[in-house]
Every structure is written in C-alpha cells, then in structure tokens.
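Let's take a walk through this protein together, starting with its overall build and ending with a few spots in the backbone that deserve a second look. Keep the 3D view open as you read.

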Amino acid sequence: MKTYKYLFLLVGLSILGCSDLEEEPIGLLAPDGFFKTTADIQTAANGAYGHMTHEDFWGRKLSLTLMLRGDMVAIGDPSTSARRIDHDVFTVQADNGMIDGYWLRTYQIIAAANQAIAGAEDVDVADEIKNPVTAQAYFTRAFTYFHLVRQFGDIPYITEPVRDLAAASSISKTPASEVYANIIADLEFAKTWLPNTQPARSIPAKSAAHSYLALVYLTMGEYQKAYDEAKGVIDNESVYKLGLEPDFQDLFNAATIDASLEPIFTLDFIGISDGDDGRDYQAALTGLRDDEQYGLGGGWSVAVPSLEVYNRWDGRDYRKAVSLDTTGVFDGVVQPYTVFKESGAGRGVNRPHIAKYTRGTGNTATGNGRGSEQNYCMMRYAEVLLIAAEALNEVSPGTAEADGYVNRVRARARSGNGSAFPADVSGLSQDDFRDMVLEERKWELAFEFKRWYDIARRRMGAEVFSASGLEGFKENFDPNRDYLFPILADELARNPNLLPQNPGY
C-alpha cells in the first residue's frame, strides 16, 4: 500500500522521551482528556525533544544538510548518495531526499509542541505552576520554526493541534516576516516563564530563550535588539550558571560535557537507540573510513573539510587541533592524511577529517559510532559572546566592550596549548571588525552546523564559493536561488495553496 506523507497527518502523535527526561517510549498521546496535570504537559514537551533526536532531524538529515551547504566541508566519498552531493554542489531539486526526510519530522516536533500548549489550557492549575512547563513547548516551537524559516522563507505556520484534516491540507504559506514575529513571541513567553536553570541543558531554561532571541534578531539584521538580548544573557551569567569551558576539547567529550557551564541548549543522545529514534550519525558521517584509532570501526568519510580549511587555519590555534584529525591508524600503523585514501579501502579522501564527533562519543548503540552519547550544542555561551560582539559593532563600532567579548573567546583558545594565538583584538574599523568576528565564528564554531546560516544571513555566498573560497569555485551556486531550499514538489502537488515554489526551482 502506498504511503502518502501528508504534512498535516499529525493527529496521532508518538511521544518519545529523551535524555535526562524519559528514556522509554510512552506510547500514543490521546489529545482529548489526556491533559490533567503539569506532568502531562511535560510528557508532550518530551515528545518534541524525542523527535529532535531522530535520524530525520539532528541524527543525520537536517544536520548533514546544514554542514554540506557551508564552505568548510565537502563530500569526501564520491560514491555517497546523490541527495547529499546535491547540497554540496548546489544542484538540489524539489524532490531532494534529505529535505523530504526532515520536512515531515520538523512538523511532528511542532505538532508535539502545539499539543502541549493546547493541552495546558485543560490543566486547571495556576499559571505560575503550569507556565514554566508549557514554556518548554513554546521554546521548542520557536526553535523548530526558526530552522524552517531560514531554510524555506515563507512556510506553513501551524499553532493548533490538527483536528480538521481537510482544512489543514489546504493551508497557505505564512510570510517569513510573520513567522519571525511569531518566533519572537514564543521566545518572549519562554523567556518570561522558563526557570533560570534546569536539571540538564537538554531542557531549555531562560538562558536558552534569551540567547535564541539574540540570534533571531541577529539573523533579521535588528542589531540593537540582538545586542540587548545577548547582553542580557551576559549580565545574567552567574544567575543562569553560564561560563566558558576551560578546555575546548571537553565540549566534544560525552564524558565531560554534562558538567560544563558552556552549553545553553543541547540535543542529548544517550548511547541507546530504537531504530532511528535516538540515533545520531555524526561520528560515522564525519569519521575516517577504516580508521582504528577510536575503536568505532572507522567512519564513512562523507562530510570532510576541504584542504583549504586545514591550510588556512593557523596551526597555533588550539581549536584546530581539537577540530581536525590529521592522522589515522590503519592495520596498527599511524598514517598521515596525505595517504588516507591509499591506507583505507580506497573510498576515503586525502584530507584531514573532522574530529569533534569521533574522539569522545561515549557508548554507542551500533557500529561506526552511530547512536553516541554526544550532547550536540545548539547554542553555547561562546556564541552568545560573539553575537554580542557582532551586533554591538553594527550599532556602536570601535568599542572596547565588543573587543572584550571576542577576546574572552580567544583567551580560552590560547589557554588550550599555551600559545599566543589568536591574539586579542583592538582598534579595528567597523568593516574589519565585522570580517574578523565572522571569521572568529567560523573557527570557534567549525563543523557545528552554524556556518551555512552565517553565509545565508550575511549573503556571503558569491564570495565564499568563489575560486578563492575555502572549497573553491562552486559554479552552481546561484544567489538568486540557493539561499532558500525548494518546497517539496509532493507538498505542492497535494496542496497548490503552498505555491509559488521558491525562485529558481
């Protein structure tokens, strides 16, 4: 029987717990009469987190898509699936299998959040009791729509549980400007009601809503508001229990990150998966094929840094050593990256590989490091400092305050190996500071799925994908098309109200 992936067939909502919350499937949520206590609201919110750790979302499809579209990573194994290669070389079509995988999953996350928000209305307790829990769902909905609007622009925007399939299946797109306004409203609710801290960083606290408001405003180019929100987080550093992790390497070690003050919101995998629920693939996708050094069985050499990333990254920067593997172990022998392909099965590539997701996976559910215990930082404190610096430079250039935010991040990098690099910044012009802070984001947040969004919001594609870019010339990149993804052709066929298609597709 043919299965139709209707976007809005979301009434039957599976609830899957996530790390530090519930680790066992809870079953099927019956929307009518289910919500009686705040624990029921929490159950629905947990379901949203569970969908985030599915292979369709951060387990592989969305995360890999974001990584490949940046200018620091390219396909290493040319025999990998075409749907991945299309994002690397900008030949994506409206039936792309990566988009097809996570489009539906994002709306399942949103459906779970909407169910929690609607169900909270039936819980007869004071707002002071239930709103701090309901605010988790508001944050989750904003977080998910923020990904969608940056990728697709105008999108279907749903705020209620789907009860009328016919009406839902004919919904029109909401303009991106309205989506952003709704995201901000959700984050404001979350910032008001979430507690200052939570038992784990995989549960959003006030700092998560506060920080994401800063990033949303930065993306919109509303720099004063972005600075104000980021400064609000910084001023509450002790209240929110935030700080920079002393050793940059520990941010990518499953055994240490739980105790770190730097993560603000994480997707926390637990080394156990049920099929594609709870399974991430980053170690496999970024790991070196046939490499023996981490006991994972080697990776697949799919998403691999370009050689120019390695060549241009100053070797004195401790973050380079943390982020990249330049040697592998084959048949018990340590080999340099210049012979990776020859040392392995012939399907790798002679380039350094990403090390952030292979060195500290913890327990894994299956081979190649899949299903790790990694906490993936969706937002960490170093990024908030850099948001504050970038935004302040746009509204009040040349301040020691903006310099200081960058210098805190750089001081941590220097402390990793005791070098004098990267040096403190001071006295830069507005244009030079802007270029510097975007470069700083590139190295500090390397391979953390942020770079494509920076390229898109700053409209840097023509520059970074030119012949002098890190990956070299990408002739297919079209600035009139490729900052947005295509709406899926199947969705347009089922619901013509979602027309027009995004330009160029």
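Before we begin, one cut-off will help: a residue is called buried when its relative accessible area is under 20%, exposed when the value is over 50%, and partly exposed in between. Bear in mind, too, that what you see is a predicted model.

Let's start with the whole chain. The protein contains 20 helices and 10 strands. Its radius of gyration is 22 Å, close to the 23 Å that the globule rule gives for 505 residues, so the protein is as compact as a globular protein of that length. If you turn the model along its principal axes, the C-alpha trace spans about 60 × 55 × 45 Å.

How much of the chain is buried? Buried residues make up 60% of the 505 residues. The contacts add to this picture: among those with a separation of 6 or more, 71% are between residues 24 or more positions apart. On the outside, the accessible surface comes to about 18,400 Å², and carbon and sulfur atoms account for 49% of that area. As for charge, there are 48 positive and 71 negative side chains, and the centres of these two sets lie 3 Å apart.

Now move to the C-terminal part of the chain. An unreviewed UniProt entry places the feature "domain: RagB/SusD" at residues 349-505. Over residues 349-505, the chain is 40% helix and 5% strand, and the C-alpha atoms at the two ends are 32 Å apart.

Within this stretch, find helix H20, which covers residues 489-494 and includes Ala493. Is Ala493 buried or exposed? Its relative accessibility is 62%, so Ala493 counts as exposed. Ala493 and Gly97 are 396 residues apart along the chain, yet their C-alpha atoms are separated by 16 Å.

Step back along the chain to Arg481, which sits in the loop between helix H19 (461-464) and H20. Which residues does Arg481 touch, leaving aside those up to four places away in sequence? They are Phe90, Asn476, Pro503, Gly504 and Tyr505. Arg141, by comparison, is 340 residues from Arg481 in sequence, with 27 Å between their C-alpha atoms.

The last stop is the backbone itself. Most residues other than glycine have a negative phi, and most peptide bonds are trans. Here are some places that depart from that pattern.

Two of them are peptide bonds that precede a proline. The bond from Phe421 to Pro422 is cis, with omega near 0 degrees, and Pro422 lies in the loop between helix H16 (400-415) and helix H17 (430-444). Leu499 and Pro500 are also joined by a cis peptide bond, with omega about 5 degrees; look for Pro500 in the segment after H20.

The others concern phi. Ser301 is not a glycine, yet its phi is positive, at about 55 degrees. You will find Ser301 in the loop between helix H11 (282-286) and strand S5 (303-305). With a relative accessible area of 0%, Ser301 is buried. Phe447 has a positive phi too, near 65 degrees, and belongs to the loop between H17 and helix H18 (451-457). Why does Phe447 count as buried? Its relative accessibility is 4%, and the cut-off for buried is under 20%.

Note on methods. Residues are numbered from 1 along each chain as its sequence is written. This is a predicted model: local features need pLDDT of at least 70, side-chain atom pairs count only at pLDDT 80 or more; totals for chains, interfaces and linings use all residues. Side-chain values use heavy atoms; hydrogens and water are left out. Helices (H or I, at least four residues) and strands (E, at least two) are DSSP runs, numbered from the N terminus. The radius of gyration is taken over C-alpha atoms; the globule rule is 2.2 Å times the number of residues to the power 0.38. Buried means under 20% relative accessible area, exposed over 50%, partly exposed in between (1.4 Å probe, protein chains only). Contact means heavy atoms within 4.5 Å. Accessible areas come from the Shrake-Rupley method with a 1.4 Å probe; for residues, only the protein chains shown count as cover. Lys and Arg count as positive and Asp and Glu as negative; His and the chain ends are not counted. The place of a charge is taken as NZ of Lys, CZ of Arg, CG of Asp or CD of Glu. UniProt positions are given in the numbering used here, feature names are shortened, and annotations may be inferred rather than shown by experiment.
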